Structure formats: structure tokens, C-alpha cells
Amino acid sequence: MAERNLPHIVLNGISKSEDFKGRRVVTDTPTDVPNRQAHAARLIAALDTIEVLPEASATYIEVVGRPGEAFLPGKFDVSGLALLNVRDAEPDSQVPGRAIVKASKSAGGLTKLREKLDQFATEDGKPNNQGQTRPKNADLANSIDTIAQAGLRDLWRHPNKPFPLAAGPIPWEVWLEPAEVDQFVARAVQEGLTVYPDRLEFPEDTVVLVEGDIGQMARTAIGTGSVRSVSPPGIPIDFVDGLEAEEQVDWMQDVLGRTQYGPQAQQAASYVTLLDTGITLAHPLIQPAFDAADRHSAVPGWDLADLHGHGSRMAGAALFGDLRTLLNSTAAIYVPHRLESAKVIPDAGHNPYHLLGDRTQKAINAVEVEPDRLRTFALATTTHLDTPHSGAPTSWSTELDQLAAGRSGEVKQRRLIVTSIGNIDAQHDGNADYLSKCDDLDEGEVQSPSQAWNSIAVGAMTEMNGVGGPTHGATLAEVGDLAPMSRTASWTKTWPIKPDVVLEGGNWYDDGFSTTPNQHSDLMLVTTSRNYPARSFTHISDTSAATALAAREIALLRASYPDLWPETIRALYVASARWTDRMWSHIAPADRNRKGAYDVMFTRYGYGQPNLERALNSASSAITLIVEDSIRPYENKGSGRKLNEMQLFELPWPTNVLRSLVGQDVTLRVALSTFIEPNPSEVARGRKNRYASHGLRFALKGADEEIDAFTQRVGRTAVEDQPDDNGPDSGEWDFGYNRRSVGSLHIDTLTVAASDLARRGVLAVYPVGGWWKENRNVDPERCVARFSLVVEIDATEAEVDLYAEVQQKVAPQAEIQV
């Protein structure tokens, strides 16, 4: 079943009132063709003429839609078929849609398509509510006019440059399935093509540069079936260092011409607010998203320009991500968010240690002269003066917690803050075993203020392997592992999991001669330079690059969900993260059921590499439910305060679908996010329940557990903030109670039988201790804890539609009284 991108289901305040904001988009059904048997027979006959070479792993077909009808290319991106390129239909001008599809031989792509067309001719689907039926696979068959064999010309990917007609050898940029590179290269050499060693590695493609004539290229592409597309050669891999200023301007203008910036209505925009060295106004790629009036500084009188360059490098990455990818593409670019600058780093000297928190607050005050903007603050500066702190709060990290919770700053509002965890010293030691340097208790620990509870702390990982880059030597980090300069946490309990997530920060390499790691331009991200027009592009790497990328993705997420709380955005983004296969390789398979074995994962990678698509959308078979609510955790009793209330939520569980999945497992992922008010007094150090104003936890009802028994169990758990060893929560969660019950963001996953989960649709949010409970002097009227609950049910392996059932169930629901 092909997955659909669908909005998350937002159940704001479901315990009190329900407001469903998600809506599925239903494509209009094409008009049925008059004679379905004849139509199917014609298409099947066309399929039977497609030639599949014995040695090829796949073949290529062209599918053309019916003039004047909607075209449904997603129908050709299913098991056994891969959609390579699409030309959308233009119904008004009667121009049909067109798709080039790669049909896998091993997965039976053509056979499956033929079977669907045969079902269209002979079988009807289930009747609708009015008792009407349609042929099976009608949407697929009705949208097709013709099917034909596709050739090399159809794999051309450049939108403007025509397919070459030269008689002699020409260069080609070949986009391949990563797993089929060796097959292609072997056949290319056999055909006499020159294959260059340079490679570009992307998540779903490997790009190889070859040279040869059209016939050689065609025989290789069709003979292997491994080519996704061909195009004219891209820019040289080391173009940033190798191009003159004028050439860089040309490339910059190409990107600018393909970029559409978001609306200029500033109050409606999502902003990345960089707390850095300033941002240049001169760069044409930055100008459309950055107003001169949006430049500020922590200290009045500071020069607002970027004299160091770091802020302008952050700006490019925060707007575009890695520009290298865009420069190697011809696709349109959309930048929906904008920039603000609040300078916190002086042009000369440095901030005194005791002013670090104050300067951060004053910078935020300066930008919040416009208080109502949708902001993601990004802070990629840290201090080594607090290291090691072993996760305990410092003055700077505490101020970040206050700012996030809205207890500090001139404007009392919640804030979303993204921080870097800092880099280790590149000269710290030699090239061998860099992970042990990153894990070093004293030298590699995450730097302040990234241990702040309420911020999103960002570390660096890498997918850059240097193939086609450094001409000798080897990269330090394997693809998917921690970047060589990223710091890690040294603690495994009490204090929050940090980093929260890791994103691309580039790689370093060992040249075989130096005793310390080396940088190379190919192992860094490309971004904007403050020195325009002398230089249009430069590089950024390590945790600064990762922080800029995270801020960009979070700003995109906020642009899509502008009404969600900062706590909710944090939960959605961090809960989207997963550990890569390479990260998993550090835990032996036999140890993966032992919760203590996860320590190395959390202290290095946090929750892993985030997935923006997952954070933005539900899939039909992996649905995300969102609750935003509040709780009064404590009440006055006699001379002290006691735990007050818990909240139980009966979520709109897809019970019927889950019960139908006999013998299949599904995965539940729960994220509970709240912003605590900090208490950094010395007595609080080492005691998480004295630093945080409040603590919240979640629990899930057992399959055979009555509501009364469930609430009693949760009540016992809450008093001591310990797991109930006799309850269903004991041992079944992947990370476990002790690991998830730190900080102010709690995430865990649970994989159980679908039929078991169907009976567990009640989830509790309850309080544990905090300094609000210990201190009667704080106004009890403001002791209200706001929280966000994000619940994901993933049944992807079962290929079922959870979304449809939950959407039907969403209706006003009453709170279960406790």
C-alpha cells in the first residue's frame, strides 16, 4: 500500500474539548472509461510488448495519461515499480500527464501492474455507503492512456538543456540506485565508457561521472536497469575552493533564479532567530528573507554587521540547508521562512563568563520588540569554563530554561530554543579511535548551556564519506555515525538526555601523514559567505552546521503548524528521530534487550537523526495524535503540598483495525513535553526533583487492566517517582522508566501485538515531585503545568489504513473523571 502524507491529528485539550484540525485531501476520481474490458486489454497488450533484457535488473516504461484527466503518478510508485520522473497533466490545455517508471525484475513490477489491470477488467471493489461499486484499481487504469517502452532519452533529467545529439564521446552524470553502482560500473567498463572515481552520495542516489557516446550510454543504462536518470555533468565537487569570484556569482544567480521565498507578511512568517555574530545584508540569497530592521544586538552600540562570518554561514544553512545539494540540482527551491539576527558575540574580545546568560536574555529582548513572531532561536556558541559539569545546571543553562519557560525576558512567553553541544578540540589527539575522544569524560563532555532542560540540544553526525573528495587518506567517521568533533554526554541518569538529536556536521579525514585530523571542503556543508561579492559561498561544519540545519527544519515545522505550542513542536521534532544502522552497530544484537546497553546511544546520539517528513506528516499506516493540555500538579494540604491530580486520556484508538491484525506487532511511540521552571540553587544540584518546578510522567493502561486498578497503580508510582514493578509498564518499554524519566521531554517506544494494543487506549499523564511541591511560598495559582502529548502508532509493516478509522472516531470526548 502506498503511503500518503497526511496532517497529524491535533486533539487540543481532548480531556476538555476536542478540536480536530487535520483534514485529508481526497483526489477527484477520474471519469471511468466506457468499456473497461477493452481498455484493460489494450493496456495489457502494450505491457506484453515491453522487452526485459535477461541481464538487466529492471526495465523502463513510459506511462501517458488521458488528455483532460487528472494524472495519478503515485500509483506507479509502489512495490516493484519506482517513479523516476513526472510531467504533470495540464487539463485545461488537454496536455496529458507523463511518467517514466522503472519496473524491477526481481520484485515483479510488470507482472504486478498487469495483474492490477486484469483485476480492473474482471473484478469490482467493495460497495460504498450508497451500495455503488467500481472496478478494482479504477483510479490507476482510468488515468492511463498508453504504456510504452522507455529509453535513454526518457531518463534525461535536466529541465532546460536538451538531450545531447553529439556523435562522439560526451560526459554524463549518472544517477544510480546505491546498491547497483557496482553492476553499472562493470557494464560501463565493458561497453568502453570511461568511469571517473568521483562520487556524490545522497540518501537515495549515488551519482557517477562517466564519458562515452550515446550508444554506449544507452546500452549500459538499458542493459543494467540500474540507472535512475542521466544529466549533464554537475559542478566540480570542490567548486567552492576552485571557482573564481565571478563564476561563484554565476552559480549563486542560478540558485537565486530557482528560489521562491515565502510571504513577506512578517507577522505570519516562521523565523529562525540567530543568536550569533550577526548576518550580512549584502548576500543576494539572504536579502529576500532578511530585513535590515531585523538586525539587533545584546549590547546597544555594537556594530550590527557580521565581521566574523560565522553568523552569515549559519544563515545560509538555516535558509537552504546544504547548498551543495542545491548547486548540484536544477530543481525549484522554496524557502518559506525568514531570518532575524540578535548579535551575542562581540567583534573584539569575548563575553565575560558571568554575563553569558545576561547577554543571551538581552539579545532575545532586543528582537522581541516584535513580540508576536513565530520564532525558533538558534544558539551555536558554548563555553568550556563549566566543563565538566556532568549534566548539572549552570547559570547560562538555567537562564535558557527560564527563557524557554517564559519566566525570563521582558516578554513573558514560551520560546523554542535550539543549542549546539559544542566541538572538541581538533588537535586533542591523533586520528585513531575518534569516538573515545568524543566520549572522554573531561575533554569531550557537552558544553554549557546545552544541558538546559527545555532547549533542543544538537550534536553532529555525518553521511559524508569523502568518496570523490580527498585524493588520499580515509575519513574518520563511518557513514551514519557521530561526526568526529561532536561532543557527548558523560551522565546516564538524573540529568536530561543530551544531545536531543544529531544532524549532518560533515566529516574529517586522516591523510596518512599528519598526527591530527584534517578538514577538506568536500567533507563540509556549503553555505553563504559574508564576503559577497568577493566570495559567494563558503563552508560550515561540525555542531554549528548541525544546529543551523535543525533550526531550519524546526522553522519549517512551525510554518506548517503555526498554532502548535513550542512544547509540541519540540516533541514532534525530537520524537521523529531514529538511530541509524551504524549507530546501532555499537550495540551487540544480543544486548539490545538490555536497557543499560542503550546508554552509549543516548549519550552520543540522543534520540538519533530527526526525520522532517515524519515530524511534518502522518502516514496512512503510521498515525500521530497530538494533545495539548495542562495540569495542576500539587495542592496545599495542611502545612505542605501534596500531589493533586492526574489526567487520563481515552484516545481515539483505531481499535477495529488493530484487532484485525491477527498475529502482527505494531509500535507505539509516546512523547511527553513540558517546560519546567528552573531552580539552580546549590541544594538542588544532583536532585532533579529540586531543580525542576514540576515533573510529569506518562503511563499506559494494561490490556486486561480496569480503569480503577490503572489509576491506583499510577498513584502508587507517582508518590515515589519509581516504576511499578508489578504493572504492565515494568520492562515492556524499550528505553524504560528510569531512562525516560529525566529532563522535561520523555520519549519511549513499545512494540506489542496489535490486538493487545487495541485494548490499551487509555493513557495517563501524572505529576511527580518538583520544587513547586517543596516550596509553599510560590503562588499556587501559577503552579499549573502545560504539557504536550504526542502519540504515534506505527503499523507500516502491516500496510493498513489507521488514519481513516481515527479520523472517523474524532469527536468531542469527555474527560475520564478520576
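How many salt bridges does a search of the whole structure find? The total comes to 38. The model examined here is a predicted one, and the paragraphs below walk through some of its salt bridges, a charged patch, its aromatic pairs, one well-covered helix and two contacts between residues far apart in sequence.

The salt bridges make a handy starting point. Side chains of opposite charge can pair when their charged atoms come close. One such pair sits in helix α7, which covers residues 245–258. Here D254 bridges to R258, with 2.9 Å between the closest N and O atoms. Both residues belong to α7 and stand four residues apart, about one turn of the helix. An α-helix has 3.6 residues a turn, so residues three or four places apart point the same way. The two partners are not equally covered: D254 is partly exposed, as its relative accessible area is 32%, while R258 counts as buried because its value of 14% falls under the 20% cut-off.

A similar arrangement turns up in helix α10, made of residues 356–367. In this case D358 and K362 are joined by a salt bridge of 2.6 Å, N to O. As with the pair in α7, the spacing is four residues, about one turn of the helix. Both partners are partly exposed, D358 with a relative accessibility of 27% and K362 with 37%.

Another bridge ties D347 to K343, with 2.8 Å from N to O. What sets the two ends apart is their cover. D347 is partly exposed, with a relative accessible area of 26%; K343, on the other hand, is down at 1% and counts as buried. Salt bridges can also join up into something bigger than a pair: D704, E732, D756, R759 and R760 are linked in a network.

Not every charged residue has a partner of this kind. A negative patch on the surface is made up of E244, E246, E247 and D250. One of these, E247, is found in helix α7, the helix that also holds D254 and R258. E247 is partly exposed, at 37% relative accessible area. That value is over the 30% needed for a place in a patch, so E247 passes on accessibility.

Next come the rings. The count of aromatic pairs is 18. Among them is the pair of Y261 and F320, whose centres are 6.4 Å apart and whose planes meet at 85 degrees, an edge-to-face arrangement. This pair connects distant parts of the chain, as its members are 59 residues apart: Y261 comes from strand β11 (residues 259–261) and F320 from helix α8 (residues 310–320). Y261 is buried, with a relative accessibility of 14%, and F320 is buried too, at 5%. A second pair is formed by F602 and Y607. Their ring centres are 5.5 Å apart and their planes are at 80 degrees, so this pair is edge-to-face as well. Both F602 and Y607 are buried. The two also belong to an aromatic cluster, which they share with W579, W584, Y598 and F735.

Helix α11, running over residues 395–405, is mostly covered, with nine of its 11 residues buried. The buried set mixes side chains of several kinds: W396, S397, T398, E399, L400, D401, L403, A404 and A405. Right after the helix comes G406, which has a positive phi of about 80 degrees.

Which residues far apart in sequence come together in space? One example is T655 and A758, which are 103 residues apart in sequence but have C-alpha atoms just 4.8 Å from each other. T655 is part of helix α18, spanning residues 655–660, and counts as buried with a relative accessibility of 13%. Another example brings together I222 and A56. They are 166 residues apart along the chain, and their C-alpha atoms are separated by 7.1 Å. I222 belongs to helix α5, which takes in residues 214–224. At 24% relative accessibility, I222 counts as partly exposed, whereas T655 is on the buried side of the line.

Key
Residues numbered from 1 in each chain as written. Predicted model: local features only at pLDDT ≥ 70, side-chain atom pairs only at ≥ 80, totals over all residues. Heavy atoms only, no water. Patch = residues over 30% accessible without salt bridge, like charges linked within 9 Å, V, L, I, M, F, W, Y side chains within 5 Å. Areas by Shrake-Rupley, 256 points an atom, 1.4 Å probe, with all protein chains shown as cover. Salt bridge = Lys/Arg side-chain N within 4 Å of Asp/Glu carboxyl O. Lys, Arg positive; Asp, Glu negative; His and termini not counted. Charge placed at Lys NZ, Arg CZ, Asp CG, Glu CD. Helix = DSSP H or I, 4+ residues; strand = E, 2+ residues; numbered from the N terminus. Buried < 20%, exposed > 50% of the residue type's maximum accessible area, 1.4 Å probe, protein only. Phe/Tyr/Trp six-rings, centres within 6.5 Å; stacked < 30°, edge-to-face > 60°.
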